[in-house]
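This briefing covers the fold and some individual positions of one protein chain. The sequence and the structure come first, and the notes follow by topic.

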Amino acid sequence: MFKISLSAGHAKTTPGKQTPDGSMKEWEFNSAVVKYLMAELANYEDVAVLRLDDPTGQRDIPLQERSDRANAWGANVHIDIHANAYGSTWNDACGIETFVYKKSLKEAYSLAQKVQSNLIKATGLKDRGVKEGDLHMLRETKMTAILVECGFMTNQEEAKLLKSDNYRRIVAGAILAGLVEQYGLKKKAKQEETKVTSYQLNDQEKRMIEELTKLGITDGKNPERTVNQLYLWKVVYGVIKGIREGKIK
Ligand SMILES: [Zn+2]
């Protein structure tokens, strides 16, 4: 089992730690990214995730308590998620940076570089690089640990991004991509695919599928796959077209 601890920095109730106009608390961004990352990681084989902050945002869990939990659980990797600030008023500071305790920690530095480059690729924001930081969650955790600062709350353009659901998903996807690259995480086989192999068609269904395949309405594969509206419309349209052209009588 590959264990990943995740921490959304601070809490919703933490004073300061917000955009200069107070429209977003840093934790709201951090928490959304943790949530999306956890949902993504649930699709991977043999991965366990532990969330270290308070998911309700009420309690700013002390850093010592967070690092103690990650250590006691035996996490293989820790990722701390933040949004940056330069002072407390609007200004031009911008971009994304990733911290490691020491660049000489090879695994952490390598993971940080992969996550950082994926973040820059996915967002197109300024690359502030991988930096060393004497930060509690990097220093006091026993496993490979990185801390990402995913844009500045004090920059008006970046604050807009940090507030958007789309940007939060993009950030989670980029962190995931870095993890997958570094550790070769494997995606679970999709449920619908495993279901299909076990589904037994009866004779009537088999004859129906055979006929529909001949008419070009289906390829007859994956009988249990869930379809969307567009697919349904295509099938209906195929039938109408077949009748119009005299192929279906
Ligand atoms: Zn922070």
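What covers the buried residues of helix 3 includes strand 4 (96-100), strand 5 (127-132), strand 6 (144-152) and helix 6 (165-183). Here two residues are in contact if their C-beta atoms, placed from the backbone, lie within 7 Å. The model is a predicted one: local features need pLDDT of at least 70, side-chain atom pairs count only at pLDDT 80 or more, and totals for chains, interfaces and linings use all residues. Residue numbers start from 1 along each chain as its sequence is written. Helices (H or I, at least four residues) and strands (E, at least two) are DSSP runs, numbered from the N terminus.

**Helix 3 and its surroundings**

- The buried residues in helix 3 are A108, L111, A112, K114, V115, Q116, N118 and L119. A residue is buried if 20 or more other C-beta atoms lie within 10 Å of its own, exposed if 12 or fewer, and partly exposed in between, with C-beta atoms placed from the backbone.
- An α-helix has 3.6 residues a turn, so residues three or four places apart point the same way.
- Helix 3 (residues 106-123) has 18 residues, which should span 26 Å at 1.5 Å a residue, and its end C-alpha atoms are indeed 26 Å apart. The expected span is 1.5 Å times one less than the number of residues in the helix.
- G124, just after helix 3, takes a positive phi of about 70°.
- A right-handed β-α-β unit is made by strand 4, helix 3 and strand 5. Right-handed means that, with the strands pointing away from the viewer, the path from the first strand over the helix to the second runs clockwise.

**The sheet**

- Six strands form an open sheet in the order 2-1-3-6-4-5, with mixed pairing. Two strands pair if DSSP finds at least two bridges between them.
- Strand 2 and strand 5 are at the edges with a single partner strand each, so one side of each has no neighbour in the sheet.
- From one strand to the next, the twist averages 20°. Axes for such angles are lines fitted to C-alpha atoms, for helices over the stretch in contact, and angles run from 0 to 180 degrees between N-to-C directions.
- Strand 4 and strand 5 are parallel and share five bridges; E97 stands opposite G129 in strand 5.
- Strand 3 and strand 6 are also parallel, joined by seven bridges. In this pair, I81 stands opposite V148 in strand 6.

**Strand 1 and its partners**

- Five of the seven residues of strand 1 (residues 2-8) are buried, which leaves the strand mostly covered.
- Strand 1 runs parallel to strand 2 (residues 47-51), with five bridges between them, and S5 has L50 in strand 2 as its bridge partner.
- Between strand 1 and strand 2 the chain passes through helix 1 (residues 26-41), in a right-handed β-α-β crossover.
- Five bridges also join strand 1 to strand 3 (residues 77-84) in the parallel sense; A8 stands opposite I81 in strand 3.

**The nonpolar core**

- The largest nonpolar core has 48 residues, and I146, V148 and I175 touch the most other members. Such a core is a set of buried Ala, Val, Leu, Ile, Met, Phe, Trp, Tyr and Cys residues joined through C-beta atoms within 7 Å.
- Not counting residues up to four places away in sequence, I175 touches L37, I79, V115 and V148.

**Loop positions**

- H10 is in the loop between strand 1 and helix 1. Its phi is positive, about 70°, although H10 is not a glycine.
- H10 is buried, because 24 other C-beta atoms lie within 10 Å.
- K17 lies in the loop between strand 1 and helix 1 and has a positive phi of about 45°, although K17 is not a glycine.
- K17 counts as buried because it has 21 C-beta neighbours inside 10 Å.
- D46, in the loop between helix 1 and strand 2, is exposed, because 10 other C-beta atoms lie within 10 Å.
- D46 touches M1 and F2, not counting residues up to four places away in sequence.

**Helix 9**

- Helix 9 (residues 229-244) is 16 residues long and reaches 22 Å from its first C-alpha to its last, close to the 22 Å expected at 1.5 Å a residue.
- The count of buried residues in helix 9 is zero, and the helix is hardly covered.
- G246, just after helix 9, has a positive phi of about 75°.
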